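Please look over the sequence and the model shown here. The paragraphs after it go from one residue to its surroundings, and then to some aromatic rings.

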Amino acid sequence: MRKRFYLATTISFMLCGLNSCKEKKEQKVIPVKKILFKHEGNLQLKNSNDSIIKELRIEIADNDYERQTGLMYRKHLDTNHGMLFIFDQIQVRSFYMKNTYIPLDIVYIDSNKTIVNIAKNTKPLDETSVYSEDVVKYVLEINAGLSDKWNLKPGDKISFSEL
């Protein structure tokens with residue numbers, strides 16, 4: 001009789017542990033806030049003849065937090081929008097696509113505002129580093145494919161103004 005009692009008690013404790021004897025608490029749902037584009041400036045892409053190729057509205061990433069976050073967690077970027085990263089120091093830069101859902105062209109730009117190289121069609125969510133081919137001060141992120149569509153190439157220039 002004792003063996004049955006211990007066996008029944010043991011099974012009850014095991015089931016309580018697996019199924020939790022406490023009332024189930026409601027799980028809190030944390031709302032995810034959609035990150036919206038914030039128009040902070042305007043940028044012109046110019047060819048070597050100084051003719052305007054394209055004008056963009058830009059967000060500006062000019063502090064550590066903004067530069068580290070970039071376009072992460074975004075699901076959309078309009079064709080005429082981009083993000084301009086401005087760095088304090090001129091050096092070789094690398095970017096990766098961690099937590100970035102939008103395929104991008106990453107345009108590396110030197111301190112004279114001249115395009116050094118373009119990393120085309122970077123893969124979303126990829127953590128492989130993509131490097132500039134020389135030292136740069138600026139980096140522009142635009143939708144993948146636009147650098148080809150606009151015929152951007154090393155030697156082209158940018159100019160921009162903040163709002």
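Start with Ile35, whose relative accessible area of 38% makes it partly exposed, because that term covers values between the 20% limit for buried and the 50% limit for exposed. The model is a predicted one. Along the chain, Ile35 sits in the loop that runs between helix H1 (2–19) and strand E1 (41–46). On the surface, Ile35 belongs to a nonpolar patch together with Tyr73, Tyr101 and Leu125. The accessible area of these four residues together is about 380 Å². One member of the patch, Tyr101, also has a charged neighbour: Lys75 lies over the face of the Tyr101 ring, 3.9 Å from the ring centre.

Now turn to the aromatic rings. A pair of such rings is described by how far apart the centres are and by the angle between the planes. Searching the whole structure gives 4 aromatic pairs. One of them joins Phe85 and Phe95, which meet edge-to-face, with 4.9 Å from centre to centre and 85 degrees between the planes. Phe85 is in strand E3 (residues 81–91) and Phe95 is in strand E4 (residues 94–95), so this pair ties together parts that are 10 residues apart in sequence. Are these two residues buried or exposed? Phe85 has 0% relative accessibility and therefore counts as buried. Phe95, at 9%, counts as buried too.

Phe95 also pairs with Tyr108: the ring centres are 6.1 Å apart and the planes stand at 80 degrees, so this pair is edge-to-face. The pair links distant parts of the chain, since Phe95 in strand E4 and Tyr108 in strand E5 (residues 104–109) are 13 residues apart. Tyr108 is buried, because its relative accessible area is 0%, and buried means under 20%. Ring pairs link Phe85, Phe95 and Tyr108 with Phe87 into a cluster. Phe87 has a charge over its ring as well: Arg93 lies over the face, at 3.8 Å from the ring centre.

The last stop is Gly70, in the loop between helix H2 (64–69) and E3. Which residues does Gly70 touch, leaving aside those up to four places away in sequence? They are Met83 and Phe85, and Phe85 is a member of the ring cluster described above. Gly70 has a relative accessible area of 9% and is therefore buried. Between the C-alpha atoms of Gly70 and Leu84 there are 9.0 Å, while along the chain these residues are 14 residues apart.

Definitions and conventions. Residues are numbered from 1 along each chain as its sequence is written. This is a predicted model: local features need pLDDT of at least 70, side-chain atom pairs count only at pLDDT 80 or more; totals for chains, interfaces and linings use all residues. Side-chain values use heavy atoms; hydrogens and water are left out. Patches are made of residues with over 30% relative accessible area and no salt bridge: like charges are joined within 9 Å, nonpolar side chains (Val, Leu, Ile, Met, Phe, Trp, Tyr) within 5 Å. Accessible areas come from the Shrake-Rupley method with a 1.4 Å probe; for residues, only the protein chains shown count as cover. A salt bridge is a side-chain nitrogen of Lys or Arg within 4 Å of a carboxyl oxygen of Asp or Glu. Helices (H or I, at least four residues) and strands (E, at least two) are DSSP runs, numbered from the N terminus. Buried means under 20% relative accessible area, exposed over 50%, partly exposed in between (1.4 Å probe, protein chains only). Rings of Phe, Tyr and Trp (its six-membered ring) pair if their centres lie within 6.5 Å; planes under 30 degrees apart count as stacked, over 60 as edge-to-face and the rest as tilted. A charge sits over a ring if NZ of Lys or CZ of Arg is within 6 Å of the ring centre and within 35 degrees of the ring normal. Contact means heavy atoms within 4.5 Å.
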